[in-house]
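Biologist: Please take a close look at one side chain and what it touches, and then go through the ligand site and some other positions that deserve a check. Which values support each statement?

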Amino acid sequence: MVTKVASVTKEVLIGDGLTTVLIGERINPSGRKKLSEALMIGDLEVVRKEALAQVEAGADILDVNVGVTGIDEAAMISQALETVMETVDVPLCIDSNKPKVIEAALKVYKGKPLINSVSGEERSFKEILPLVKESGAAVIGLTADDRGIPDNADQRLRIAGQIAEQAELAGIPREDLIIDCLAMTVGADGKAGLVTIDAIQKIKTELGVNMTLGASNISFGLPNRELLNGAFLSIVIASGINCPIVDAAKVLPLARACDLVLGRDKYAMRYTTAYRQFSSHH
Ligand code: THG
């Protein structure tokens, strides 16, 4: 099962056995004062800089989230996407669960984007899936419903199955659905990592879909986040996550190391290239 996403000039392929695709997480105002303030006054220079820096660091796709309370998010995502598209040439991931925002984003986006996201709620199916079908985009399905995020793998698998069923009914090809079984901080619940790893394995086995994960969520509120994120990322990549949402500058060498260990890097070409780049910057 191979998922294709694209900009005007670039195609990115996502699939088991292919090299890990990194979705850059940094265009997101949550927890970032400078970016929030810039977005509030309509200043897109921070967005431009983050786009360039992430692609230079090796991000294959960029997530674009402009969710700040009090701004016109539909207008802002259009501007942010235009800015990112004129700065870098990678495919983009439209990060909003609001139909109006996604609709505005789809009007300006050129290529085949990834829509982030639909969830297991009836209303989300009704509002988001037609937009995905109509635009020919790929979509991320979150394993959460009106009762929230289940605390066990079986319930997350059940929701993933419902999303797959609804996507199929809407006429969306199975390869255009990427499941996210959601990571929560191990700072609040010591079993949170295990539940996610278990869910990844079950969903991969049962549904065979490609999968993403906001891997940095695992470490919220804890010290040495890079260390925790790295440990978690290695495990989830080995478990079947094909395109994690990450800070590419921080995890690129690790992702290349995982791909080499997992037999996805013949002659260690990508690993050694990343090593040379990494060494020359340090
Ligand atoms: N699944 C899907 N989409 C998602 C998430 C997910 N989108 C948003 C989020 N979760 C993934 N993106 C981020 C972005 C930033 C951080 C974590 C996840 C993060 N930021 C630092 C903080 O808040 O402390 C600040 C970074 C900085 O200033 O350098 O940790 O799960 N589908």
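Modeller: K112 counts as buried because its relative accessibility is 16%, and the cut-off for buried is under 20%. The model is a predicted one, and that applies to every value below. K112 is placed in a loop, the one that runs between α4 (99-108) and β6 (114-119). Two polar contacts can be listed for its side chain. One is with the side chain of D176, at 2.7 Å. In the other, a polar atom of the K112 side chain lies 3.0 Å from the backbone oxygen of K4. The loop residue K112 is therefore buried at 16%, with one contact to a side chain and one to a backbone atom.

Helix α4, which precedes that loop, also holds K107. K107 is exposed, because its relative accessible area is 69% and the exposed class begins over 50%. The C-alpha atoms of K107 and V12 are 21 Å apart, with the two positions 95 residues apart in sequence numbering. So one lysine, K107, is exposed, whereas the other, K112, is buried.

A side chain to backbone contact is also found at Q54, in helix α2 (residues 45-56). A polar atom of the Q54 side chain is 3.2 Å from the backbone nitrogen of E25. Q54 has a relative accessibility of 3%, which means that it counts as buried.

Now the ligand. How many residues surround the ligand, and which are the closest? There are 16, and the closest are D95, N116, D180, N217 and R225. For three of these residues a polar distance can be given. The side chain of D95 has an N or O atom 2.9 Å from a nitrogen atom of the ligand. On the oxygen side of the ligand, N217 places a polar side-chain atom at 2.7 Å from one oxygen atom. R225 likewise has a polar side-chain atom at 2.8 Å from a ligand oxygen. The ligand alone would expose 670 Å², of which 77% is buried by the protein.

The largest pocket is the space that the ligand takes. Two elements, β3 (23-27) and β7 (138-142), each give two or more residues to the shell around the ligand. Sorted by class, that shell consists of six charged, six polar and four nonpolar residues.

Backbone angles come next. Most residues other than glycine have a negative phi. Y267 is not a glycine, yet its phi is positive, about 60°. A268 is another non-glycine residue with a positive phi, near 55°. Y267 sits in the loop between α9 (248-261) and α10 (269-280), and A268 is placed in the loop between α9 and α10 as well. Their accessibility classes can be stated separately. Y267 is exposed because its relative accessible area is 70%. A268 counts as buried because its relative accessibility is 18%, a value under the 20% limit.

Three helix residues complete the list; each is paired with a residue elsewhere in the chain. T83 belongs to helix α3 (residues 73-87) and has a relative accessibility of 7%, so it counts as buried. Its C-alpha atom is 7.6 Å from that of V47, and the two are 36 residues apart in sequence. A164 is part of helix α6 (residues 153-169) and is buried because its relative accessible area is 3%. Ten residues along the chain separate A164 and R174, and their C-alpha atoms are 7.2 Å apart. S124 is located in helix α5 (residues 122-135), and its relative accessibility of 12% means that it counts as buried. From S124 to P99 the C-alpha distance is 8.5 Å, with a sequence separation of 25 residues.

To return to the starting point, K112 is buried at 16% relative accessibility, and its side chain makes a polar contact of 2.7 Å with that of D176.

Technical notes:
Residues are numbered from 1 along each chain as its sequence is written. This is a predicted model: local features need pLDDT of at least 70, side-chain atom pairs count only at pLDDT 80 or more; totals for chains, interfaces and linings use all residues. Side-chain values use heavy atoms; hydrogens and water are left out. A residue is near a molecule or strand if one of its heavy atoms lies within 4 Å of it. A polar contact is a pair of N or O atoms within 3.5 Å; within protein, one must be able to donate a hydrogen and the other to accept it, and residues adjacent in sequence count only if both atoms are side-chain atoms. Accessible areas come from the Shrake-Rupley method with a 1.4 Å probe; for residues, only the protein chains shown count as cover. On a 1 Å grid over the protein atoms alone, a cavity is a set of points where a 1.4 Å probe fits but cannot get out, and a pocket is an open set with protein on both sides within 12 Å along at least five of seven lines; lining residues have an atom within 4 Å of a point. A molecule sits in a cavity or pocket if more than half of its atoms lie within 2 Å of its grid points. Helices (H or I, at least four residues) and strands (E, at least two) are DSSP runs, numbered from the N terminus. Ala, Val, Leu, Ile, Met, Phe, Trp, Tyr, Cys and Pro count as nonpolar, Asp, Glu, Lys and Arg as charged, and the others, Gly among them, as polar. Buried means under 20% relative accessible area, exposed over 50%, partly exposed in between (1.4 Å probe, protein chains only).
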